[in-house]
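Here is a short tour of one protein chain, meant to be read with the viewer open. Have a look around before reading on.

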Amino acid sequence: MNLVKRNPEWFGPASVDLLFDRFFNDSSQKSPNAFSPKVDIAETASAFEIQVAVPGFSKGDFNIDLKEGKLSIAGERKLEKENKEKNFISIQTEYGKFFKSFQLPDNIDEKGIEAAYENGILALRIPKDETKKVESKITVK
């Protein structure tokens with residue numbers, strides 16, 4: 001029996017959202033050893049929350065920086081070296097390096113940012129600084 005790899009997106013992306021997601025996220029990564037994990041971003045009254053789906057990592061595999069209001073998250077997961085006991089038919093798990101960056105608003109508490117990794121989800125909590133309200137009233141002329 002022969003297994004043939006099937007590509008469900010052979011005719012193109014299934015939705016416009018996927019087309020834009022690929023254009024803005026995946027196309028910037030030229031390296032074949034890179035991938036783009038899925039990210040959820042939410043806002044509450046007191047904080048911004050970012051969740052990055054990166055299963056198979058350990059806590060030390062991440063590099064998180066904040067410079068000039070730009071939050072950068074990077075990491076790498078390496079494919080296990082040659083294993084003579086396994087004959088892989090298909091590998092769909094993403095391996096390699098990833099890099100995500102987010103421009104944060106001015107009303108955050110930079111010193112209060114927390115990161116935790118559990119069950120394959122890297123969760124960042126970015127608290128808001130209430131003394132730095134970013135509001136303006138614009139009148140129409």
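## Tyrosine 95 and its patch

In this predicted model, tyrosine 95 sits in the loop that links strand E4 (70-77) to strand E5 (96-103). Its relative accessibility is 30%, so tyrosine 95 counts as partly exposed, a class that runs between 20% and 50%.

Tyrosine 95 also belongs to a nonpolar patch on the surface, together with Leu79, Phe88 and Ile91. The accessible area of these four residues adds up to about 360 Å².

## Serine 72 in strand E4

Moving on to strand E4, we meet serine 72. Is this residue buried or exposed? Serine 72 is buried, because its relative accessibility of 15% falls under the 20% cut-off.

Leaving aside residues up to four places away in sequence, serine 72 touches Asn63, Ile64 and Asp65, as well as Phe99, Lys100 and Ser101.

## Lysine 67 in strand E3

Lysine 67 is part of strand E3, which covers residues 62-67. With a relative accessible area of 60%, lysine 67 is over the 50% cut-off and therefore exposed.

Glutamine 103 lies 36 residues from lysine 67 along the chain, and their C-alpha atoms are 9.8 Å apart.

## The chain as a whole

Zooming out, the protein chain has one helix and seven strands, in the order α-β-β-β-β-β-β-β along the sequence. Of its 141 residues, 22% are buried.

Among contacts with a separation of 6 or more, 56% join residues 24 or more positions apart. The chain exposes about 11500 Å², with carbon and sulfur atoms supplying 51% of that area.

Key: Residues numbered from 1 in each chain as written. Predicted model: local features only at pLDDT ≥ 70, side-chain atom pairs only at ≥ 80, totals over all residues. Heavy atoms only, no water. Helix = DSSP H or I, 4+ residues; strand = E, 2+ residues; numbered from the N terminus. Buried < 20%, exposed > 50% of the residue type's maximum accessible area, 1.4 Å probe, protein only. Patch = residues over 30% accessible without salt bridge, like charges linked within 9 Å, V, L, I, M, F, W, Y side chains within 5 Å. Areas by Shrake-Rupley, 256 points an atom, 1.4 Å probe, with all protein chains shown as cover. Salt bridge = Lys/Arg side-chain N within 4 Å of Asp/Glu carboxyl O. Contact = heavy atoms within 4.5 Å.
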